[in-house]
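Me: I should like to study a protein model by means of questions and answers. Please let me see the sequence and structure before we begin.

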Amino acid sequence: MFTADDHLYMARALRLAARGLYTTDPNPRVGCVLVRDGQVVGEGWHERAGDAHAEINALRQAGERAAGATAYVTLEPCCHHGRTPPCSQALLAAGVSRVVAAMPDPNPQVAGNGLAELQTAGVATDYGLLAAEAEALNPGFVMRMRHARPWVRCKLAMSLDGRTAMQNGESRWITAEAARRDVHHLRARSSAIMTGIGTVLADDPALTVRLDGETDAPFLHPLRVILDSRLRIPPTAKLLDQPGETLILTGSTDVGREAMLARPGVSVDTLPLNDAGQLDLQGVLLYLGSAGINEVHVEAGAVLCGALLSARLVDELVIYMAPHLMGDAARGLFALPGLQHMTQRIALSIHDVRAVGKDLRITARLAE
């Protein structure tokens, strides 16, 4: 049974973990609080991939005061050698007496072994405290460890009557400035921003994160992923010359076209096409998962978003709804051919609705 103090300190560890929201990729966001005799003696979070883990940062702050302390950590301490030594061994060496983990690590290299190692050495261990909150901080890492693919978040903007662009394709701007700023926070927390070639040809987007002056936290530029089965992307596309890296996934083997795209930060990888001559979306996600991509933020048109939804590959929908009407001739949110009867509807569960400036942000998931 967890006490009120246990809840208090784990909540503090979760707040610390969230400070790594934009910087730990592909590692999980983790926080740690060390408490001895009712006093916090050390705390830390995983600040950047390749740097010290949360437990190490907390132990460094605590020093000798870590002996006999309880460690509250939002993810089971690692017990394997990666880019850094095992945190389980560091906790043992420091002499902590108890470790409370919010959730076991879904990484097969850990998967309960970290807690087992501590328990075998005489350290009291517990887990399951605020587990849902801990998993919500790392949906992509958990998805990749359990299912070998990233968490897919599909962002869309629509009018009150469900339209995303006028009949002629004009779409700037559906939402107001506050909602557009909010989107950059979603981009910044993602491992990759994915779109289709149709959006590139129609809008020539940059697909970058623009948060300068709006957050104290540093951020990494997510990988830009372009699905372009026939390699139609023009060499002049704006996103090819932006900060960070761009990955073009194609089924084309046209080396001449590929050579025209060659420049630092741009790579072209060839994947098999399906019977319809398109990239297989499940295969794309498994490929990205194998490359360490945790969260994919999709900003695309009705065709790609509809295809992902139809394949049940969308884990989260974030829809910004603007208080205006665009008319029945304007373009819709998803291309979902074949839905003719009410029994064919795609059911969603709404997890959150809130105002963002003048607009509403609806967060939904596919219903079970």
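The questions and answers below treat the cysteines, the nonpolar cores and the sheet.

Reply: This is a predicted model, in which local features need pLDDT of at least 70 and side-chain atom pairs count only at pLDDT 80 or more, while totals for chains, interfaces and linings use all residues. Residues are numbered from 1 along each chain as its sequence is written, and side-chain values use heavy atoms, with hydrogens and water left out.

Me: How many disulfides does the count come to?

Reply: A disulfide is a covalent bond between the sulfur atoms of two cysteines. Here it is taken as a pair of cysteine sulfur atoms within 2.5 Å. The sulfur of Cys78 has its closest cysteine sulfur in Cys87, at 3.7 Å, which is too far for a bond. By this rule the number of disulfides is 0.

Me: Is Cys87 buried or exposed?

Reply: Buried means under 20% relative accessible area, exposed over 50%, and partly exposed in between (1.4 Å probe, protein chains only). Cys78, at 7%, is buried. The relative accessibility of Cys87 is 1%, so Cys87 counts as buried.

Me: Which helix gives the most to the largest nonpolar core?

Reply: A nonpolar core is a set of buried Ala, Val, Leu, Ile, Met, Phe, Trp, Tyr and Cys residues joined through side-chain atoms within 4.5 Å. The largest has 38 residues, and those with the most contacts inside it include Met10, Cys32 and Tyr72. Helices (H or I, at least four residues) and strands (E, at least two) are DSSP runs, numbered from the N terminus. With 6 residues, the helix that gives the most to this core is α1 (residues 4–17).

Me: Which strands stand at the edges of the open sheet?

Reply: Two strands pair if DSSP finds at least two bridges between them. The open sheet has 5 strands in the order β2-β1-β3-β4-β5, with mixed pairing. Each edge strand has a single partner, so one side of each is left without a neighbour in the sheet; the edge strands are β2 (39–45) and β5 (124–127).

Me: Which residue in β4 stands opposite Thr70?

Reply: Strand β3 (residues 70–73) and strand β4 (residues 98–101) run parallel and are joined by 4 bridges. In β4, the residue opposite Thr70 is Arg98.

Me: At about what angle to β5 does helix α4 run?

Reply: Axes are lines fitted to C-alpha atoms, for helices over the stretch in contact (heavy atoms within 4.5 Å). Angles run from 0 to 180 degrees between N-to-C directions. Helix α4 (residues 113–120) lies across β4 and β5, and its angle to β5 is about 155°.
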